[in-house]
Structure formats: C-alpha cells, structure tokens
Amino acid sequence: MRRFVLIAIPYAWLLALFLVPFVIVFKISLSDIALAIPPYTPTLRDGFAEFWAGLDFENFVWLTQDDLYWKAYLSSVRIALFSTLLTLLVGYPIAYGMARAPEEWRPTLMMLVILPFWTSFLIRVYAWMGILSNEGLLNQFLLALGVISEPLTILNTNTAVYIGIVYTYLPFMILPIYATLDRMDGSLIEAAEDLGCSRAQAFWLVTIPLSRPGIIAGCFLVFIPVIGEFVIPSLLGGSGTLMIGKVLWEEFFSNRDWPVASAVAVVLLLILVIPIVLFQRNQQKQAEKDT
Amino acid sequence: MTRLSWFNTVSLTLGFAFLYIPMIILVVYSFNESKLVTVWAGFSTKWYGELVRNEAFLDAAWVTVKVAVFSSTIATILGTMAALVLVRAGRFLGRTLFSGMIYAPLVMPEVITGLSLLLLFIGIGLDRGILTIVLAHTTFSMCYVSVVVSSRLVSFDRSLEEAALDLGASQAEAFRLVTLPIIAPAVISGWLLAFTLSLDDLVIASFTAGPSATTLPIKIFSAVRLGVSPEINALSTIMIAIVTVGVITASLVTKRAMVRQQQDEQAAIRAG
C-alpha cells in the first residue's frame with residue numbers, strides 16, 4: 001500500500017503535467033486556427049465525430065511549404081553544431097588545466113566553474129549586450145588600441161549569438177570533461193612517454209581517447225538545449241538570426257497562431273529525439289562500465 | 001605533477017577571465033553615474049535608489065520569490081519520492097514511462113515545455129497566475145531534484161536501515177531517523193537547485209504567467225529588449241551578490257559537515 005502511494009503520487013503528477021500537455025500540443029497541431037477562445041478549431045465541445053473529422057496535417061504541410069520554417073530548423077541545427085564545437089575548443093583546455101592543477105586548488109576551481117551556472121542565465125546574456133554593442137566596451141577597447149578605426153558591428157549578429165552560447169554553456173562542457181580527466185591515471189601518460197611518444201602524441205593517443213566519454217556527454221549537454229534556445233538569439237541575435245525557438249515564440253505570442261506553433265513544437269521534438277536517444281545510450285553505457 | 005605548466009596556467013587564466021570579466025564589468029557599471037551604460041561618468045549609487053523606488057520591480061521580485069519557495073518545496077517532496085521510486089521500487093507497471101518522464105524534462109527545450117503547459121491550463125480553464133507558474137516550475141524542477149537525490153540513494157548502504165528495523169524501528173521511523181539524515185545533503189542541494197531554477201526561469205514563466213502575475217525575469221527581459229540600462233545592472237549586481245554569498249556559504253557548510261563526519265567516523269573506529 002505504502003509503495004503504491006509512493007509510486008502513484010509523482011507518477012500522477014508527471015502524467016498530468018508532462019505527458020497530457022504533449023498530447024494536447026499534438027492535438028492542437030492538427031487543428032485549424034480560428035477567431036475564437038481558445039483560438040483553434042475543432043474542440044471537443046463540438047462533439048466527437050466532428051472533432052475527429054476536423055483534424056488534419058495541414059499545418060505540417062504548411063511548415064514544408066513556407067521557407068521560413070525549414071530554414072529556421074536547419075539554421076538552429078547548424079548554429080548548435082558550430083557552437084558546440086566552439087564550446088569544446090574553449091572548454092577542453094580549461095578542464096585539462098583544472099585536472100592538472102595542484103590537488104588543493106581543485107575544489108576552488110570547481111566552485112569557480114559552477115558559480116556562474118547558479119547566476120541567472122538572463123543576466124549572463126545581458127552582460128554581453130553592454131560589451132558587444134557598437135559603442136560598447138569591446139569596441140572602445142579596440143578603438144583605443146588602434147586595432148580598428150571604425151566600431152565593429154557584433155551585437156545583433158550570429159557572432160554575438162555564438163559568443164553568448166559559448167559563454168553560458170561553458171560549465172556544461174567543462175564539468176563532464178573534467179570529471180573524466182580527473183579520474184584518469186597519470187601513469188598512463190608516463191608509460192606512453194617512456195615508450196617513445198612525444199608529449200603531443202601522448203595527448204592525442206592517450207588523453208583524448210580516455211576523455212572521450214566526457215567529451216561526448218559535454219557535447220550533448222550543449223547541443224540539445226541550444227537547438228531550442230530562445231533567450232540568446234532574441235537578445236544577442238539580429239533579424240538575420242533564425243532559430244526555431246524564436247520562431248515558435250513569435251508564432252505563438254505575436255501571430256497568435258497556436259496550431260502552427262504546436263506543429264513547430266512537434267517537429268522540433270522529433271528532431272531532438274535522435275540526439276536525446278543517443279545521449280541516453282551513451283550515459284547508460286558509461287554507467288554500466290562504471291559498475 | 002604538482003606544478004602547472006605554462007600552457008595550463010595560460011588556459012586557466014584566460015578561461016576564468018572569460019567567465020568572470022563580463023560579470024565584473026556588469027557590476028562595475030552598475031555604480032556608473034551616467035545613464036549611458038557604456039560611458040563612465042563617476043561613481044554613484046543612484047541606480048540602486050531608483051531600483052528600490054521602482055514598485056513594478058519590487059512586486060515582480062516578490063512574486064518570483066513566492067513562486068520559487070512554493071515550487072521548490074513541492075518539487076523537493078515529489079522529486080525525493082520519485083528518486084525513491086527509481087532507486088528502490090523495483091519493477092512495476094509503466095516503469096520505463098516513469099523514468100522517461102523524469103529524464104525527458106531535463107533536456108526538453110523550454111519553449112516546448114512552456115507551450116504545452118499553457119495549452120493544458122487553457123484546456124482545463126485554469127486562470128493563469130501564480131498558481132500556474134508554481135505548477136509549471138514544480139514539474140520541471142522535481143526532475144532535477146530526483147536526479148540529485150537518486151544519485152545519493154544509489155550509493156546508500158541499506159544495511160543501516162535494516163539494522164534500524166532489526167532494532168525495533170518501524171519503517172517510517174527508520175526512514176525518518178536513518179535514511180533522511182543521510183540523504184539530507186542531497187535533498188537540500190536539490191531544493192537549492194529547484195529554487196534557483198525557478199528564480200531564473202524566463203521562458204516557461206512567460207508562457208504560464210498571466211497579466212496578474214509577472215516574475216522578475218519577465219520584467220528584466222522586457223526592459224532589456226529595449227537595450228542596456230543602469231537600473232538592470234544594479235538589479236543584476238544584487239542578484240549576483242546573493243548567489244555568490246549563497247554558494248560560498250553552502251560550500252563552506254558542506255565542507256565543515258564532511259570534516260565533522262570524518263572526525264566522527266575516526267572517533268567511532270578508535271572507540272570500537
């Protein structure tokens with residue numbers, strides 16, 4: 001009895017507030033927009049037969065016909081891929097440096113990586129607006145140095161989006177890589193060097209392969225949420241920055257087209273299923289290896 | 001390897017400079033006299049004064065704190081239950097679905113979670129306000145809590161609980177007196193995580209908040225969309241200060257607790 005209650009309460013909560021909402025999104029993605037409250041048709045109040053007959057895949061056909069949507073999906077995936085790679089390139093040396101730092105420093109370094117993660121995401125993105133704008137600090141600095149003669153336009157471009165993503169998602173990349181590097185047996189490197197490897201060779205042939213699980217986990221942790229990112233493209237990106245999270249938001253709040261917004265969400269979810277399944281499989285394999 | 005090579009020193013210095021300089025700039029410019037955020041015109045605390053007099057911000061801050069306290073507390077209870085189910089309940093009908101629903105919200109884009117919850121609330125005719133934000137925040141943060149707590153439960157030595165049962169404790173007593181104190185640090189960090197996630201959230205709150213309840217991130221976002229403003233810098237500085245003090249205190253407290261536990265264990269070994 002106690003076991004039943006323990007299972008039933010969180011189960012019921014998740015069913016009602018996680019699964020059922022998805023079913024509703026799917027249902028509305030098959031409906032048509034209407035000038036009513038709620039702004040779509042049919043609803044179950046119309047009776048079941050009419051309700052069933054009123055559902056169709058029109059919105060999904062619409063998504064394939066209008067350039068905006070598939071361009072936004074493609075560009076989200078592209079931005080996510082490229083920024084994941086950038087985050088890896090920036091994050092790996094930091095994680096490596098942390099793992100090689102004296103043991104008594106490591107908890108402090110860890111805390112320094114985690115601390116930004118606890119500060120508001122919105123504030124961290126906002127911080128870059130003042131730095132990257134035309135009369136911002138970066139341009140003032142570069143102008144003063146004489147590196148450039150006219151201010152660079154960075155804010156409201158894709159460059160600013162990349163900077164924002166790398167900055168805000170960096171801890172997600174550093175922590176899993178650091179965890180694998182920290183566990184690594186240092187004598188393996190010594191063995192490789194004794195056997196005639198140069199430092200660089202030992203790094204490529206020993207360190208990188210051994211830290212692969214951390215690299216994979218970090219990349220997924222950045223890639224998956226970035227695809228649906230909304231705050232960064234809308235604050236740092238410009239009109240040319242197409243990302244699907246922003247499109248969904250505008251479809252819903254500006255155009256008030258709920259059926260199309262729902263269809264956008266369903267397709268986004270289908271795109272995300274692949275990396276999510278791959279990620280879960282990777283995590284499971286790791287967990288099995290550890291035990 | 002106790003000394004850092006020059007390469008590692010450089011990468012750590014640059015890395016932490018990258019992480020911290022933007023926030024330091026933000027804090028410094030909150031004390032700027034000028035309305036123009038990017039031009040330094042002397043030290044002033046006037047923006048903090050403006051902030052305190054801005055009732056819209058104060059109202060939003062109050063709503064945000066209320067939502068965070070309620071949602072993180074409910075999420076901690078539900079999340080701990082879910083963790084117990086995941087780690088201990090063994091097989092039951094629909095277990096795969098259950099664990100799927102625990103892990104999926106962790107990687108779900110916020111726009112989808114927000115949209116789906118809003119459509120649910122409208123579907124059942126629930127007026128949007130504080131209650132709907134609390135329900136939404138509880139749902140995604142309970143999953144984070146359950147991940148944190150279940151990672152502690154996995155390494156938990158069940159023989160301690162069995163010993164308590166053998167010594168005559170009821171199941172409820174064994175849970176309250178043995179299990180709960182041991183998993184307490186994980187439960188507390190789960191609560192803290194849920195609390196900050198709720199404070200932080202813009203997207204899900206935007207979907208689920210009605211005109212009657214605006215949270216601080218929604219307020220900040222609509223102000224920031226129009227450009228940088230020194231008032232927002234001041235507000236950010238206050239939030240950064242609270243988080244910094246909180247995180248440092250929490251880490252000192254856990255460190256002290258760990259040292260004490262080690263001392264206790266050593267004392268027990270010597271006494272035994």
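**Where chain A meets chain B**

Let me begin with an absence: across the interface of chain A and chain B, the rule finds zero salt bridges. Please keep in mind throughout that this is a predicted model.

As for the extent of this interface, 79 residues of chain A are in contact with 80 residues of chain B, and the area buried between the two chains comes to about 7,400 Å², with carbon and sulfur atoms giving 82% of it. On the chain A side, the residues that lose the most area to chain B are Trp13(A), Trp118(A) and Tyr126(A), which together make up 11% of what that side buries.

Now to one particular helix pair. Helix 1 of chain A, residues 2-29, packs with helix 5 of chain B, residues 110-123, at an angle of about 85 degrees and with the axes 8 Å apart; the two helices are therefore roughly perpendicular to each other. Helix 1 of chain A contributes Ala16(A), Leu17(A), Val20(A), Pro21(A), Phe22(A), Ile24(A), Val25(A) and Ile28(A) to the contact, while helix 5 of chain B brings Ile112(B), Ser116(B), Leu117(B), Leu119(B), Leu120(B) and Phe121(B). Sorted by character, the residues of this contact comprise 13 nonpolar, one polar and no charged.

Finally, a single residue in chain B: Ser72(B) lies in helix 3 of that chain, which covers residues 55-88. Is Ser72(B) buried or exposed? Its relative accessibility is 0%, and because the cut-off for buried is under 20%, Ser72(B) counts as buried. Leaving aside residues up to four places away in sequence, Ser72(B) touches Val67(B), Trp191(B), Ala194(B) and Phe195(B).

Notes: Residues numbered from 1 in each chain as written. Chains lettered and ligands numbered in written order. Predicted model: local features only at pLDDT ≥ 70, side-chain atom pairs only at ≥ 80, totals over all residues. Heavy atoms only, no water. Helix = DSSP H or I, 4+ residues; strand = E, 2+ residues; numbered from the N terminus. Buried < 20%, exposed > 50% of the residue type's maximum accessible area, 1.4 Å probe, protein only. Contact = heavy atoms within 4.5 Å. Axes fitted to C-alpha atoms, helices over the stretch in contact; angles between N-to-C directions. Parallel < 35°, antiparallel > 145°, perpendicular 65-115°, else oblique. Nonpolar A, V, L, I, M, F, W, Y, C, P; charged D, E, K, R; others polar. Buried area = accessible area lost by both parts, 1.4 Å probe. Salt bridge = Lys/Arg side-chain N within 4 Å of Asp/Glu carboxyl O.
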